[in-house]
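Visitor: I'd like a close look at a single part of this protein, with its backbone and its surroundings explained. Could you pick a spot in a loop and work outwards from there?

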Amino acid sequence: MARSDETRNGDADAITQRLLAVIDTLVQETQPRRRVRRRPTLTSRLDRDLGLDSMARSELLLRLEDAFAVRLPESGLMADTPAELLALLMAARGSAPPTPSASPTPAPGPAADLAAVAGTPERADSLNAALDWHLARHPERPHLHIYTGDDSAQTLSYADLEDGARVIATALLRRGVSPGDRVALMLPTEPDYFTAFIGILRAAAVPVPIYPPARPAQLAEHLRRHGGILSNAGARVLITLPEARRVASLLRAEAPRLTSIVTVAELDDDIGADREDGSGDAEPPGAACLAMLQYTSGSTGDPKGVRLTHGQLLANIRAMGTRLEVTSRDVFVSWLPLYHDMGLIGAWLGSLYHAVPLVVMSPLAFLARPQRWLELIHHHRATISGAPNFGYELCLRTLDPQGVAGLDLSSWRVAFNGAEPVSPRTMQRFAENLVDCGLQPGALMPVYGLAEAAVGLCLASPGRGLVLDRVEREAFMTQQEARPVAVHAGQGGEPALTFVNCGPPLPGYAIRILARDGSELPERHEGDIEFRGPSATAGYFDNPTATGELFHDAWLRTGDRGYLVDGDLYISGRVKDVLVRGGRNLYPYDLEEAIGRLEGVRKGCVAVFGHLDPESGVEELVVAAETRLEDPARREALIQAIREVTVDIANVPADAIRLVPPHSVLKTSSGKIRRAATAERFRSGHLGQEDAPVWRHALGLAAKSGVQRARHRLKWLGERLYAGYAWGVFGLGGALLCLLALPLPRLSWRWAVAHRLARLAAGLAGVRLVRHGLEHLPGRGPCVLVANHASYLDALALTAVLPRGFRYLAKAELQQRLLPRLALTRLGVLFVERFDPRQATRDSQRVLAALEGGDSLAFFPEGTFHAEAGIGDFHMGAFVIAAHAGVPVVPVALAGTRAVLRGKEWLPRPGRVRVCLGEALRPTTDDWAEAVRLRDAARAFILAESGDPDRRGP
């Protein structure tokens with residue numbers, strides 16, 4: 001036994017020494033000229049002590065797998081120390097060695113063998129309906145092939161997806177989730193993510209995708225960023241991993257409305273064996289219903305959740321499918337994150353709609369072995385796949401010529417590149433390196449899109465390939481004119497600027513380019529890009545300020561700058577990132593790329609931004625570049641090199657150059673430079689400083705969480721106490737109404753008492769009534785009053801404000817109980833049938849007789865109300881009756897009743913209610929066209945005065 005232990009200890013020591021040797025070799029290659037270099041130990045930090053960034057970690061995993069003939073899990077990318085890598089190596093010993101990438105599987109994967117599907121769910125008005133279309137025709141058709149850490153895939157058919165989703169939906173409904181509630185989803189790429197997302201939709205709730213924490217060192221930043229998102233979204237439930245629950249519980253500090261943090265397994269346990277009770281069914285959403293909130297990259301202190309409806313998502317998916325000529329014969333391979341619109345909507349939901357088999361691997365698996373992406377394209381004979389530019393660059397860096405020798409990429413017809421600036425050099429090198437594998441240059445496809453358009457906005461037709469535009473630098477920077485040039489850098493002319501063609505707008509979409517003064521520019525003139533189209537968002541969730549800044553008339557601002565040539569779009573940069581110096585436009589990306597090529601600068605870790613000098617009022621040019629150089633002389637030489645490059649590229653010197661340690665330049669989850677956030681650190685004097693220890697952040701957030709929870713509970717208690725008081729007031733008012741008003745012999749007397757009691761009850765309950773336009777109410781003779789319907793309190797507000805009696809129209813279902821029927825009948829309410837056409841006709845005649853008999857009527861022409869704000873369609877009944885009787889229509893706009901008593905809730909709040917009467921609309925004829933005119937005029941007034949958005953259907 002002792003000898004066995006010694007043998008194992010000897011093996012562990014040998015593995016440790018070999019591990020450290022591999023790491024040391026990589027560090028030497030990464031930093032060959034570093035004078036002071038720390039030898040790695042088991043406790044060294046891979047990033048701060050040894051200077052290995054994410055790409056170096058990817059290379060390290062590949063070398064360790066080759067050195068030890070093992071397959072390491074993708075979680076190795078998240079290791080902070082060699083000790084963690086050692087534990088993974090020891091665990092992997094005894095497992096089968098990895099299959100050499102030089103021998104990819106020659107046979108096509110199962111995704112390429114499926115029969116074609118006839119048609120698409122073109123009449124579906126929601127994602128739910130699109131899934132139902134597939135379930136009715138081919139429920140067993142494989143939809144997803146999910147690789148979760150090894151070389152085998154788990155396949156989910158449409159039926160499998162639906163079965164798992166129904167369990168999630170039922171559990172959410174039992175936990176009190178209501179239609180329209182937001183449910184956050186913080187899961188990695190695994191089967192549970194897909195079933196949970198669809199389960200949220202099946203519960204008629206709104207999924208909010210956010211990414212899970214990756215490394216402990218990122219804990220503080222993760223909590224800060226996503227607590228604000230959860231709070232802004234008003235998420236009630238967070239579905240996450242068991243390992244993330246410790247982190248997720250701290251999110252309550254930032255999101256006090258978060259009432260439930262659960263795992264998919266817990267939701268599954270909620271249902272247990274009782275899976276067929278049907279309680280997972282909710283009212284199916286329609287095209288106008290909110291389908292998801294997509295938070296834009298870099299959402300921090302002012303989260304911007306793009307509101308996307310089912311109709312908007314389907315419109316964008318259909319338009320992209322038309323342009324890309326997608327059929328069910330296609331196969332899509334994706335490693336894109338599912339919390340990002342390109343991975344979630346472009347890859348998955350688009351594949352779901354078009355019956356395209358989707359082969360999925362996690363982003364971590366791609367970072368660990370980028371070549372695996374190409375192997376899956378080969379194995380499954382994929383036709384569509386893509387990545388942001390950094391994905392192509394990382395794949396090139398780790399490309400093994402022997403490993404790709406047997407790959408066949410000839411099936412790959414759409415290789416899109418988007419979500420960040422496209423490098424022409426990267427795309428050209430990618431095509432050159434893989435031409436022997438059958439990759440066609442025409443497959444390369446730079447694209448442009450944004451979350452505010454769902455995902456896609458500009459795409460070229462397949463087969464065109466990379467199209468570049470070389471323009472005069474001076475003319476572009478001084479006059480914003482893209483003049484084409486033929487002179488190349490180094491041949492007697494100044495270096496040209498090169499821009500990538502992103503294709504024309506999708507069918508049904510339009511783009512315009514505006515000058516600073518708002519005028520539209522001709523082609524080849526750079527300006528601000530605006531768009532419109534069927535998937536354009538209505539704005540950001542619970543962020544009216546950002547929503548107001550998004551819109552320019554009927555167009556949406558993209559925040560990007562570019563120009564058009566023959567209808568195709570070329571992107572030049574971000575509006576907020578463009579600096580103006582001496583009448584010249586300076587483009588950060590151009591400078592960042594050039595500085596990133598300097599020796600000693602970490603590639604992709606440079607931020608160029610403006611800083612307004614408070615004394616001079618001049619915007620300074622600031623360069624922040626990450627480096628590991630420590631020698632003062634070498635740092636000074638690097639600063640001088642940056643200064644020279646800046647002058648060469650921008651023709652002006654940098655006002656400030658900061659060399660900062662690794663991880664000081666902030667990035668988004670998708671790898672984009674967060675210039676604004678980095679600039680804020682520069683202004684505050686914290687650029688380059690280390691973050692506080694994780695434990696300190698966690699402790700502070702835990703304390704904040706306790707305070708926030710206490711405040712939330714006090715607020716909850718206060719709301720319930722007020723609600724009890726308010727309903728007590730309303731109940732007392734109802735009792736007094738029955739005692740004092742209902743016995744009176746005349747309807748006018750009963751109305752007068754009801755009017756005063758309603759005013760008294762509103763005042764005592766803290767509901768402040770504001771009246772406008774009472775002079776528009778006809779003094780004599782009957783009229784028809786029409787008002788928008790937003791809450792159960794609408795009738796109370798009208799009764800309290802109107803000085804004369806009106807007979808309300810109510811649905812016939814209210815007659816089913818004796819007491820409400822007697823009370824409402826004594827108050828003059830007329831009951832109308834909604835479902836039996838013959839009875840409805842008789843009721844209409846009775847209503848018309850009351851009007852002709854001198855009674856004034858009050859209608860809610862929307863018929864019912866919804867929890868979401870908005871003015872819906874108006875039914876024609878009130879206007880036909882008014883035109884036929886020749887009496888005026890008085891439109892009334894109600895504002896504030898929904899805030900006092902939201903939707904169909906029973907939790908009132910104090911607040912202000914505004915009742916605004918418009919001028920009486922008098923009919924001139926009694927025909928249908930006149931009734932339509934009355935309806936449209938009344939609705940236009942109510943829409944303008946209520947402050948609610950237009951929720952009218954198509």
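Guide: Let's start at D553, which counts as exposed because its relative accessibility is 67%, over the 50% cut-off. Keep in mind as we go that this is a predicted model. D553 sits in the loop between β18 (551–552) and β19. Its backbone is worth a click too: phi of D553 is near 60 degrees, a positive value in a residue other than glycine.

There's another residue with that kind of backbone. A454 isn't a glycine either, yet it has a positive phi of about 90 degrees. A454 is also in a loop, the one between β13 (444–446) and β14 (468–471). Its surroundings are another matter, though: A454 has 0% relative accessibility, so it counts as buried.

Back to D553 and on into the strand that follows its loop. Strand β19 (residues 555–565) holds Y563, which pairs up with F499 in strand β15 (residues 497–500). In sequence these two are 64 residues apart, so to speak distant parts of the chain linked by one ring pair. The ring centres are 5.8 Å apart and the planes stand at 85 degrees, so this pair is edge-to-face. For the angle, anything over 60 degrees gets that label. Both partners are tucked away: F499 is buried, with a relative accessible area of 9%, and Y563 counts as buried at 0%.

Y563 has a second ring partner, Y570. Here the geometry is stacked, with 5.1 Å centre to centre and 5 degrees between the planes. Y570 is buried, just as Y563 is. So around Y563 you can look at an edge-to-face pair with F499 and a stacked pair with Y570.

Those pairs belong to a longer list, since a search of the whole structure finds 22 aromatic pairs. Elsewhere, ring pairs link W335, F366, W373, F390, Y392, W412 and F430 into a cluster. One of these, Y392, is also among the buried residues of α14. Helix α14 (residues 389–397) has seven of its nine residues buried, so the rest of the structure largely encloses it. The buried set also includes E393, along with N389, G391, L394, C395 and L396.

Rings meet charges here as well. R18 lies over the face of F68, 5.0 Å from the ring centre, and R939 lies over the face of F874 at 5.9 Å.

For helix packing, try α6 (residues 191–202) and α11 (residues 341–354): their axes come within 13 Å and cross at roughly 75 degrees. That crossing makes α6 roughly perpendicular to α11. Y193, F194, F197 and I198 from α6 meet L344, W348, L349 and L352 from α11. The residues of this contact are eight nonpolar, no polar and no charged.

One more long-range link: Y722, in helix α21 (residues 694–741), is 8.8 Å from L907, C-alpha to C-alpha, across 185 residues of sequence. Leaving out residues up to four places away in sequence, Y722 touches A765, P908, R909 and P910. Y722 is buried, with a relative accessible area of 17%.

Zooming out, the protein has 28 helices and 32 strands. Of its 954 residues, 52% count as buried, and D553, at 67% relative accessibility, counts as exposed.

Definitions and conventions. Residues are numbered from 1 along each chain as its sequence is written. This is a predicted model: local features need pLDDT of at least 70, side-chain atom pairs count only at pLDDT 80 or more; totals for chains, interfaces and linings use all residues. Side-chain values use heavy atoms; hydrogens and water are left out. Axes are lines fitted to C-alpha atoms, for helices over the stretch in contact, and angles run from 0 to 180 degrees between N-to-C directions. Helices (H or I, at least four residues) and strands (E, at least two) are DSSP runs, numbered from the N terminus. Angles under 35 degrees count as roughly parallel, over 145 as roughly antiparallel, 65 to 115 as roughly perpendicular and the rest as oblique. Contact means heavy atoms within 4.5 Å. Ala, Val, Leu, Ile, Met, Phe, Trp, Tyr, Cys and Pro count as nonpolar, Asp, Glu, Lys and Arg as charged, and the others, Gly among them, as polar. Rings of Phe, Tyr and Trp (its six-membered ring) pair if their centres lie within 6.5 Å; planes under 30 degrees apart count as stacked, over 60 as edge-to-face and the rest as tilted. Buried means under 20% relative accessible area, exposed over 50%, partly exposed in between (1.4 Å probe, protein chains only). A charge sits over a ring if NZ of Lys or CZ of Arg is within 6 Å of the ring centre and within 35 degrees of the ring normal.
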